[in-house]
Amino acid sequence: MTGGRPRQFDADLALEQAMDVFWRKGYEGATLPDLTAAMGINRPSLYAAFGNKEELFRKAVDKYLSGPAGHLAQALQLPTAREVVAAILKGGLHLVADSSSPRGCMIVQSALVCGDAADPLKQELAARRLSFQQAIEHRFTQALSQGDLPENSDPAALARYVCALSYGLSILAAGGATCEDLQSVIGIALETWPVGVRFEV
């Protein structure tokens with residue numbers, strides 16, 4: 001017989017439950033009793049499988065970005081800048097309006113209220129948001145070079161605009177805004193999106 005006793009729980013399912021707790025309560029609001037109860041494991045098992053609370057949170061964020069928020073990375077592969085924006089905003093709408101999930105964005109919600117002890121995690125979340133913003137800027141720079149955006153477009157400013165819209169929609173959703181409310185904001189954004197030569201008739 002080799003190794004220790006096999007774990008008596010599904011680690012992936014347990015991580016999904018932890019993600020849900022962090023998403024609903026934020027990093028500091030999620031207590032260890034909250035987490036172990038949701039994950040169906042005791043504290044020693046949590047530490048053995050996932051490390052401490054900080055490491056568990058980082059793993060939960062990774063799961064969130066590859067799972068519920070996976071539309072963000074997929075959107076960047078679409079052929080036009082307008083389609084990219086539509087996919088980011090509409091995908092976010094479906095995510096935050098899903099009644100089976102917590103309202104709002106985990107990356108935004110978890111960082112809104114953090115004390116000094118959680119500052120490193122707050123900075124990590126800010127870095128993740130900046131990384132995504134830079135990826136959008138890179139995609140818009142490509143769109144500009146392809147004539148998909150007007151010549152006077154500022155890819156960096158447009159990327160900040162899209163991120164501000166995306167995070168703003170999340171905060172509105174967390175505050176109780178309806179799907180129709182959020183759709184109206186997305187509609188205005190897409191109606192006023194700068195059109196390049198690719199779209200000219």
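Biologist: Let's start at the N-terminal end of helix 4. What makes N52 a cap there?

Modeller: A side-chain oxygen of N52 lies 3.2 Å from the backbone nitrogen of E54, and that caps the N-terminal end of helix 4. Keep in mind that this is a predicted model.

Biologist: How do you know what helix 4 should span, and how does its reach compare with that?

Modeller: Helix 4 covers residues 53-66, which is 14 residues. The expected span is 1.5 Å times one less than the number of residues. For helix 4 that gives an expected 20 Å, and the first and last C-alpha atoms are indeed 20 Å apart, so the two are close.

Biologist: Which residues of helix 4 are called buried, and what makes a residue count that way?

Modeller: The cut-off is a relative accessible area under 20%. In helix 4, the buried residues are K53, L56, F57, R58, A60, V61, K63 and Y64. Across the whole protein chain of 201 residues, 43% count as buried.

Biologist: Then there's K25. Why is K25 called partly exposed?

Modeller: Its relative accessible area is 45%. Buried needs under 20% and exposed needs over 50%, so a value in between is partly exposed. K25 therefore gets the label partly exposed. By the way, K25 sits in helix 1, residues 11-29.

Biologist: What makes the meeting of the K25 and D34 side chains a polar contact?

Modeller: The distance is 3.2 Å, and the cut-off for a pair of N or O atoms is within 3.5 Å. So the side chains of K25 and D34 qualify. Leaving aside neighbours within four places in sequence, K25 is in contact with A30 as well as D34.

Biologist: Back to the helices. Why is helix 1 called roughly perpendicular to helix 4?

Modeller: Helix 1 and helix 4 pack at an angle of about 100°, with their axes 9 Å apart. Roughly perpendicular covers 65 to 115 degrees, so helix 1 is roughly perpendicular to helix 4.

Biologist: And which residues of helix 1 and helix 4 meet?

Modeller: From helix 1, the residues include F22, W23 and Y27, and from helix 4 they include L56, F57 and Y64. Three of those names came up before: L56, F57 and Y64 are among the buried residues of helix 4.

Biologist: How many helices and strands does the protein chain have?

Modeller: It has 10 helices and 0 strands, so the pattern along the sequence reads α-α-α-α-α-α-α-α-α-α.

Conventions
Residues are numbered from 1 along each chain as its sequence is written. This is a predicted model: local features need pLDDT of at least 70, side-chain atom pairs count only at pLDDT 80 or more; totals for chains, interfaces and linings use all residues. Side-chain values use heavy atoms; hydrogens and water are left out. Helices (H or I, at least four residues) and strands (E, at least two) are DSSP runs, numbered from the N terminus. Buried means under 20% relative accessible area, exposed over 50%, partly exposed in between (1.4 Å probe, protein chains only). Contact means heavy atoms within 4.5 Å. A polar contact is a pair of N or O atoms within 3.5 Å; within protein, one must be able to donate a hydrogen and the other to accept it, and residues adjacent in sequence count only if both atoms are side-chain atoms. Axes are lines fitted to C-alpha atoms, for helices over the stretch in contact, and angles run from 0 to 180 degrees between N-to-C directions. Angles under 35 degrees count as roughly parallel, over 145 as roughly antiparallel, 65 to 115 as roughly perpendicular and the rest as oblique.
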